[in-house]
Amino acid sequence: VVQRALKRPDVKDHIVYQSSDGALKKTTLQIHWPKTIQVEGYGSKKIDAERHAAANACKLLKEWGLLGPHNQLFPTQDYEELVERLDQTGGAGWRELNEEGEKAEGTMDCTNFVSAAQNSPRAGHREVLDTGAARALTQFPQPKYLLSKVIQIATSSATVTDCVRYITDGGSVKTCRLELQWPSPMSFSASGRRKSDAERRAAALACQRLKELGFLDKRNRPLTHATYNQTAVKALSMKERRPTKLHIPSGLRQRIQEYLLQYPVSEAAHRDSLDIDADLGLGYDTVVDAITGREYTALGEAEAERLSEQLRGMWERSRPELSQLPVDSQREALLSVIEENRVVVVSGATGCGKTTRIPQFILEHYVTGGRGAVCNVVVTQPRRLSAVSVAQRVREELGSGLGRRVGYQVRLESRLPPSGGALLFCTVGVLLRKLQGNARLEGLSHVLVDEVHECDVNTDFLLVLLRQALTVNPRLHLVLMSATGDTQRLARYFGDCPIVHVPGFLHPVTEHYLEDILPAIGGSKGTREDPTPDLELVTDTILHIDASGEPGGILCFLPGWQEIRGVQHQLEERLSNPKSCIILPGEPHSPPHIHAHHTPHTQRTHIHHTHCTVNSLYSIFCEVSCLDTVWVSRANVWQRRGRAGRCQPGHVYHLFPRARLQAMEEFQTPEILRSPLDSVLLQAKLHAPDMTVGDFLSKAMNSPEPAAVSEAVRNLQEIGVLDEQEGLTVLGQRLAHISSEPRLAKAIVLACVFRCLSPVLAIVACLTREPFLNSLLNRTEVEVGVLWAGTGWE
């Protein structure tokens with residue numbers, strides 16, 4: 001209301017919350033429009049007290065006529081007239097309200113509106129306990145996690161929001177209604193003292209029903225995807241989610257087909273998909289140099305010798321002194337194993353230096369041995385930020401000589417080194433595109449895959465193609481690096497290749513669990529079965545560390561951007577001296593140098609790990625992870641713990657009990673086993689056009705179930721991307737070069753045909769990701785844009 005009336009997005013000066021601590025929180029809300037008013041709110045948590053105060057303020061605005069009968073907002077110009085009308089009554093409008101309970105000028109007594117304070121447990125209210133839900137909780141102690149897991153496996157979806165909806169309301173006793181859309185529409189209700197309790201009980205009842213229907217095994221674990229997708233179950237689960245079908249006349253379909261055949265996929269589109277310079281004039285059959293992106297040409301013997309001597313001279317002229325890292329002591333052993341074996345798995349502890357030093361070891365070994373010209377190394381990183389930052393670090397460590405042979409390539413940005421004695425850092429996606437133009441990886445001597453334990457779809461896909469390249473390129477060596485993960489399984493996948501363990505040096509790290517943290521911050525005991533972050537608990541813990549800990553940085557892991565915003569906002573409000581600390585939100589679009597900045601306090605999210613160590617970091621704060629907010633794996637916990645002790649003794653604060661750690665999965669479930677496979681299958685046809693997608697994906701280390709693959713094939717055939725023999729259709733050849741979900745990519749292609757590209761692009765963009773760049777660095781511009789868009793739509 002205030003934003004609309006004042007015609008500006010930033011109204012912090014006009015809305016001020018002041019909260020007091022205690023068993024029952026009290027919030028005083030001052031609003032300086034349309035006149036200065038003050039209301040109060042109460043609640044067991046600060047956020048509840050603020051909401052109650054805001055609700056009382058809204059009641060005032062409605063009684064003054066500044067909200068519509070159904071609480072709707074008025075147009076901006078109407079607010080000016082409404083306020084003028086109230087003022088023209090000589091204050092009668094304001095006085096009318098004062099007579100109903102205003103104690104003094106600008107202050108209103110709202111105790112009559114606060115039911116939470118009167119009905120709080122401390123006031124003698126007894127919680128109504130659903131005995132059926134209580135019994136279900138004893139059978140299913142982690143019901144929300146189990147329910148999400150079942151839905152994800154059954155629907156092959158990364159999110160469960162379409163199938164599971166929690167609706168919670170009530171006063172001191174919360175009532176939750178859980179609406180479940182799979183395997184058929186069902187609803188469950190339960191009550192609890194807190195919102196999380198009510199939701200857990202409702203989820204437990206849902207799990208109990210799924211157990212009765214046979215959708216859980218004897219040990220209350222989810223079944224397989226194929227079992228869930230039997231004919232009857234599949235019909236129920238897809239009933240409400242089946243896309244709307246439109247009848248297109250056969251004549252029009254034939255005209256579209258002829259149009260696509262008339263204009264085949266151009267070589268320019270092929271070059272663009274591989275990030276190849278259009279001026280090079282390369283055709284489909286040209287082998288592309290994986291380092292430079294130009295046409296690959298093998299070096300002659302004389303040219304190779306000359307370049308090798310030149311590289312040796314560059315190395316001798318610039319050999320900077322480097323600080324010792326644990327991996328340095330394993331240099332000769334690593335080089336010997338890599339030289340003697342085609343594939344090597346390196347298991348290195350966090351902070352041992354494997355990411356930056358092993359590529360240097362290989363390059364220097366070839367350069368000093370007079371073979372520098374034949375050494376071309378590609379190192380993959382899971383994220384853009386890490387690819388760029390690691391390349392810059394290695395370039396600095398190699399000095400002004402060989403440092404010029406280090407480059408990076410990420411989507412839409414690159415700094416490519418010359419071929420011959422080159423180190424190229426890139427994302428997994430970039431290397432996948434390079435394989436389309438050079439399936440044998442000719443010209444490369446080594447491929448290093450870092451953070452291979454992350455188990456994302458692209459990495460699984462890359463390993464299949466690298467294993468094929470090893471069979472046809474005898475000069476290629478592969479090094480797989482991981483800080484955590486099942487290295488034995490990885491080694492078996494590559495024919496029982498050797499595993500090299502690199503110990504890391506870790507300063508002592510003191511661990512604190514929830515039962516240690518709560519007494520220190522004055523919180524009540526709890527089990528924290530629900531992985532959803534309690535932002536107030538997060539903030540209280542950070543402030544406790546700030547007040548009682550040693551000087552240093554604080555690294556906080558949170559599951560998403562909204563949680564980061566929430567914690568930052570609370571910290572800015574509650575810090576006694578905000579200028580004494582620098583809070584850096586670790587958003588995906590921030591430039592690399594922000595995250596490596598040495599600051600008193602650093603807040604960051606695990607959405608994008610970097611390989612930069614903050615030297616002042618002494619305290620790491622561990623939370624939960626994932627799209628639907630589920631508990632991290634134990635491997636994730638140990639990796640994050642290691643970040644606190646890289647440079648000096650540190651502390652790690654786990655916001656879960658000690659018992660929860662043992663209940664966590666040992667390793668993260670591979671993404672390919674819990675994600676839709678449509679886009680993966682489309683990419684598979686680009687790399688293996690002569691194989692069925694089932695045969696190709698069966699070669700993956702984390703091979704999806706045949707039933708899931710068959711369902712994805714049917715989806716692609718239904719939208720005309722694959723033909724009956726699983727070959728790419730004319731339409732599929734175009735979709736394969738568009739980095740969007742296949743149905744959205746088809747919409748783009750058809751929009752070009754029907755000349756309505758602009759609106760369809762806007763729709764596809766909004767369906768692909770949040771349309772407004774969600775950043776604290778441009779928050780004002782975003783708010784103005786959202787406000788403008790909302791006004792325009794009205």
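Q: Where should I start: what share of the contacts in the protein chain with a separation of 6 or more comes from residues 24 or more positions apart?
A: Welcome! This is a predicted model. In its protein chain, residues 24 or more positions apart account for 67% of the contacts with a separation of 6 or more.

Q: How many helices and strands are there in the protein chain, and how much of it is buried?
A: The protein chain has 32 helices and 20 strands. Of its 794 residues, 48% are buried.

Q: How do I read a sheet? What is the order of the strands in the open sheet of three?
A: Begin with the order of the strands and the sense of their pairing. Here the order is β6-β7-β8, and the pairing is antiparallel. The strands at the edges are β6 (164–170) and β8 (186–192), each of which pairs on one side only. From one strand to the next, the twist averages 20°.

Q: Which bridges hold these neighbours together, and what links one strand to the next?
A: Take one pair at a time. Seven bridges connect β6 with β7 (residues 174–180) in the antiparallel sense. You can find V164 with its bridge partner L180 in β7, and D169 with its partner T175. These two strands form a hairpin with three residues between them. On the other side, β7 and β8 also run antiparallel, joined by seven bridges. There, T175 stands opposite S191 in β8, and the hairpin linking β7 to β8 passes through five residues.

Q: Which helices pack on the sheet or lie across it?
A: Look for a helix that touches the strands, then compare directions. Helix α7 (residues 143–155) packs on the sheet and touches β6 and β7; its direction makes about 150° with that of β6. Helix α8 (residues 195–212) lies across β6, β7 and β8, at about 140° to β8.

Q: Which residues of β7 are on its covered face, and which on its uncovered one?
A: On the covered face you will find K174, C176, L178 and L180. The uncovered face has T175, R177 and E179.

Q: How are two packed helices described?
A: By the angle between their axes and the distance between the axes. In our case, the axes of α7 and α8 come within 8 Å and cross at roughly 50°. Because of that angle, α7 is oblique to α8. Their crossing is left-handed.

Q: Which residues meet where α7 and α8 touch?
A: From α7 come P143, K144, L146, L147 and V150, and they meet E199, R200, A203, A204, A206, C207 and L210 of α8. Sorted by kind, the residues of this contact are nine nonpolar, no polar and three charged.

Q: Where are the cis peptide bonds at P34 and P183 placed?
A: To read a peptide bond, check omega. The bond joining W33 and P34 is cis, with omega about -5°, and P34 sits in the loop between β2 (25–32) and β3 (36–43). Another cis bond runs from W182 to P183, with omega near 0°. P183 belongs to the loop between β7 and β8, in the sheet region we have just toured.

Q: Are L441 and R755 buried or exposed?
A: Compare their relative accessibility. L441, in the loop between α17 (428–437) and β14 (446–449), has a relative accessibility of 0%, so it counts as buried. R755, in the loop between α30 (742–753) and α31 (757–768), is exposed, with a relative accessible area of 81%. Neither is a glycine, yet phi is positive in both: near 55° for L441 and about 55° for R755.

Key
Residues are numbered from 1 along each chain as its sequence is written. This is a predicted model: local features need pLDDT of at least 70, side-chain atom pairs count only at pLDDT 80 or more; totals for chains, interfaces and linings use all residues. Side-chain values use heavy atoms; hydrogens and water are left out. Two strands pair if DSSP finds at least two bridges between them. Helices (H or I, at least four residues) and strands (E, at least two) are DSSP runs, numbered from the N terminus. Axes are lines fitted to C-alpha atoms, for helices over the stretch in contact, and angles run from 0 to 180 degrees between N-to-C directions. Contact means heavy atoms within 4.5 Å. Buried means under 20% relative accessible area, exposed over 50%, partly exposed in between (1.4 Å probe, protein chains only). Angles under 35 degrees count as roughly parallel, over 145 as roughly antiparallel, 65 to 115 as roughly perpendicular and the rest as oblique. A crossing is left-handed if the near helix is turned anticlockwise from the far one by less than a right angle, and right-handed if clockwise. Ala, Val, Leu, Ile, Met, Phe, Trp, Tyr, Cys and Pro count as nonpolar, Asp, Glu, Lys and Arg as charged, and the others, Gly among them, as polar.
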